[in-house]
Amino acid sequence: MYTSVITDTTLPEVNLGIRGNGHHPIVSIQRLNVYAGNHHILKNINLDIPKNKITVLLGPSGCGKTTLLKCMNRLTDLYHELKVTGDVWIDGDNILKSNDNIAALRQKMGLLSQRPYPLPMSIFKNVAYGIKLKGIYDKKLIQYNVEKYLREVGLWEEVKDRLHQPAVGLSIGQQQRLCLARGLAVRPQIILADEPTSALDPISSKIIENLFKELKKNYTIILVTHVLRQAVRLADHVVFMSYGEIIEEGAPADLFKNPATEKLREYIYDGN
Amino acid sequence: MRVGRIITDRASGFWMILSLSLILLMPVIMGTGLFMKSIPIWEQNSPWQLIFGSDWSPTRGNFGFWPFIASSLYVTILSFVLSVPVCFFAALYLTQYASEKLIRLTYPAIDILAGLPSVIYGVWGILVVVPFISKVVAPVFGSNSSGYSILAGGIVLAIMCIPYILNMLIEVFKTVPSGMKEASLALGASYWESVKHVVVRKSFAGIVSAYGLGIAKAFGETIAVMMVVGNRIQVTVNPLEAGYPLPALIANNYGEMLSIPMYDAALMFAALLLLAIILIINLIFRYLIYKTHIE
Ligand SMILES: Nc1ncnc2c1ncn2[C@@H]1O[C@H](COP(=O)(O)OP(=O)(O)OP(=O)(O)O)[C@@H](O)[C@H]1O
Ligand SMILES: [Mg+2]
């Protein structure tokens, strides 16, 4: 059941050691609790995310998946009503405890949200935005990178003639790929994707899925999805949550074939 | 049943169209009325003379409206300059930085300010702003201003407009989805960078229209300005001098001195001017909004 309950140790070296499944966890979450007033949103979450794999978060609506993602890049800071306790180790840093450079920390993670949010500027500037924030101002270099990442998400051919038009003019599927390109352009290690295909048509979804398969060679992907088939297609590791708790986690083949808990069984059969 | 529904459908459509046409026709009706009533003065003076002439002596038949137009523009621009930064930063702070508690506290305050009748602002201007200018500001510049001045008008007007513009700006900033701000933060921007590049940029058209509505309202504001601006007919660049805005001219004199020939028509012309200038301000801001949208 709880395949990765971590014992009470606080040394980062120990926590980031090789775990039973033979992979280095790039993210290690320990005793994470999130409260909003009396509402206990995340309850004692302990979770290791393997590097260069796709970890899929599953669970009924409202179980805290988005909140868990937001803890990983400290977007929870934006919500004064949330109280977060515990540890989130990323790449050797306890990000909930260190306060020095949140911007740099956030650049280690690319965020892809449920709906694409292109920034109110041109296509080109959307991708250049994060690059400039890294302190790169060389025009040539920016141009090179914008093209590179637009190619990486397969958008370049579609937009190369209208780079300087507003990004909102793109279709939703294109916008989502633009958001991915923009996220990749800051060269993150981890991609946090919160139901990235839920607003997309099947073809655009397929494109994103294929990109993810490609991207996991170089990135660690944490994907929230409600589409079980998508989870089956993409997941290397599945985490099933319910009411703010991790109920089960493991390899997709085991988990989907032999769910150990009634909750997961229900979720799987009602979902199909 | 079916027939009944079709009839109510038709009827409600009719009433909606009727109400809408009334609203659309109102400015046209008012404009035509004012134009007809001011025809006598057109026949005697060229529009150029009327608008840019500075000689105002109704008894001799000279009607130069420039002192009034200039005063109005001056007071309005002054109030605009004073209220723009205040509204902008206050609205940004309230929507992006303030705690929920502070916002709940400020809303009623803003609403009360927005709802106060303008006479109260006028009285407050006479009690506070006018003495402040005559005792504090004027001596610094070596002027012996009475305090009843264009500056006083500008300040009172600014304070009147602030809650009005602030309310609109708050609504504008609130419509920026938080997901967009989060996207910017996730890319490594600081909070202020996200506010600047995303919230403000996204709101640009809304900001322009809030200010446009504010300035149009300010231009036509009568009572409060009239109470503190001094009402002397002169053209001046010194804000410590008195002025005489267009709405004050109409409010002060309509119904009096009807014995003077053409005076009636002159006041109608003043009203027509007011209407025209407000229309022009609106058009300019509409154009700006259009420009920001297509960019
Ligand atoms: N800022 C907040 N203030 C109060 N409650 C919150 C806040 N953010 C999230 N919650 C609550 O936390 C719970 C989990 O929300 P979350 O958005 O993480 O769910 P989710 O698993 O992503 O759901 P969905 O699948 O519908 O996206 C919900 O009950 C929600 O109401
Ligand atoms: Mg969610």
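A disulfide here is a pair of cysteine sulfur atoms within 2.5 Å. With that cut-off in hand, the cysteines are quickly dealt with: the sulfur of A:Cys63 sits 13 Å from the closest cysteine sulfur, which belongs to A:Cys71, so the two are too far apart for a bond. Searching the whole structure gives the matching tally, 0 disulfides over all chains. As for where the cysteines sit, A:Cys63 is buried at a relative accessible area of 2%, and A:Cys179 is buried too, at 3%.

**How far to trust it**

Keep in mind that this is a predicted model. The overall scores are ipTM 0.86 and pTM 0.84. Chain A has an average pLDDT of 86, and 90% of its residues score at least 70. Chain B averages 90, with 98% of its residues at 70 or above.

Within chain A the confidence is uneven. Helix H1 (residues 12–15) is where it is lowest, with a mean of 37, while strand E8 (residues 220–224) marks the high end at 95. Residues 1–22 of chain A have a pLDDT below 50, yet this stretch still makes 39 contacts in the model beyond near neighbours in sequence. Where pLDDT is low, the predicted coordinates should not be read in detail.

**Around ligand 1**

Back to A:Cys63, since its backbone turns up again at the ligand: a polar backbone atom of A:Cys63 is 3.2 Å from an oxygen atom of ligand 1. Here are the ligand's polar pairs with three residues of chain A, side by side.

| Residue | Protein atom | Ligand 1 atom | Distance |
|---|---|---|---|
| A:Cys63 | polar backbone atom | oxygen | 3.2 Å |
| A:Gly64 | polar backbone atom | oxygen | 2.9 Å |
| A:Lys65 | polar side-chain atom | oxygen | 2.8 Å |

On its own, ligand 1 exposes 640 Å², and the protein buries 68% of that. Two elements of chain A give two or more residues to the shell around ligand 1, namely strand E2 (39–50) and helix H2 (65–72). Of these, H2(A) supplies the largest share of the shell, 3 residues. Altogether there are 15 residues around ligand 1, and the ones that come nearest are A:Ser61, A:Gly62, A:Thr66, A:Thr67 and A:His226.

**Two buried polar residues in chain A**

If you're hunting for polar side chains in buried spots, A:Gln230 is one to look at. A:Gln230 lies in helix H9 (residues 228–234) of chain A and is buried, at a relative accessible area of 3%. What does its side chain pair with? A polar contact of 2.6 Å joins the side chains of A:Gln230 and A:Thr225. Setting aside neighbours within four places in sequence, A:Gln230 touches A:Thr197, A:Glu209, A:Thr225 and A:Ala235. For a sense of scale along the chain, A:Gln230 and A:Phe240 are 10 residues apart in sequence, with their C-alpha atoms 14 Å apart.

A:Asp87 is another. A:Asp87 belongs to strand E4 (residues 82–90) of chain A and counts as buried because its relative accessible area is 7%. Its side chain makes a polar contact of 2.6 Å with the side chain of A:Lys97. Not counting residues up to four places away in sequence, the contacts of A:Asp87 include a run made of A:Ser28, A:Ile29, A:Gln30 and A:Arg31, plus A:Asn94, A:Leu96 and A:Lys97.

**A partly exposed alanine**

A:Ala104 sits in helix H3 (residues 102–107) of chain A. Is A:Ala104 buried or partly exposed? At 37% relative accessibility, A:Ala104 is partly exposed. A:Ala104 and A:Val186 are 82 residues apart along the chain, while their C-alpha atoms are separated by 10.0 Å.

**Chain B in outline**

Chain B has 13 helices and 2 strands. Its C-alpha atoms fill a box of roughly 70 × 70 × 35 Å along the principal axes. Of the 295 residues in chain B, 43% are buried. The accessible surface of chain B is about 15,600 Å², and 70% of that belongs to carbon and sulfur atoms. Looking at contacts in chain B between residues at least 6 apart in sequence, 72% join residues at least 24 apart.

How values were computed:
Residues numbered from 1 in each chain as written. Chains lettered and ligands numbered in written order. Predicted model: local features only at pLDDT ≥ 70, side-chain atom pairs only at ≥ 80, totals over all residues. Heavy atoms only, no water. pLDDT = per-residue confidence, 0-100. Helix = DSSP H or I, 4+ residues; strand = E, 2+ residues; numbered from the N terminus. Contact = heavy atoms within 4.5 Å. Buried < 20%, exposed > 50% of the residue type's maximum accessible area, 1.4 Å probe, protein only. Near = heavy atom within 4 Å. Polar contact = N/O pair within 3.5 Å; in protein donor to acceptor, adjacent residues only side chain to side chain. Areas by Shrake-Rupley, 256 points an atom, 1.4 Å probe, with all protein chains shown as cover.
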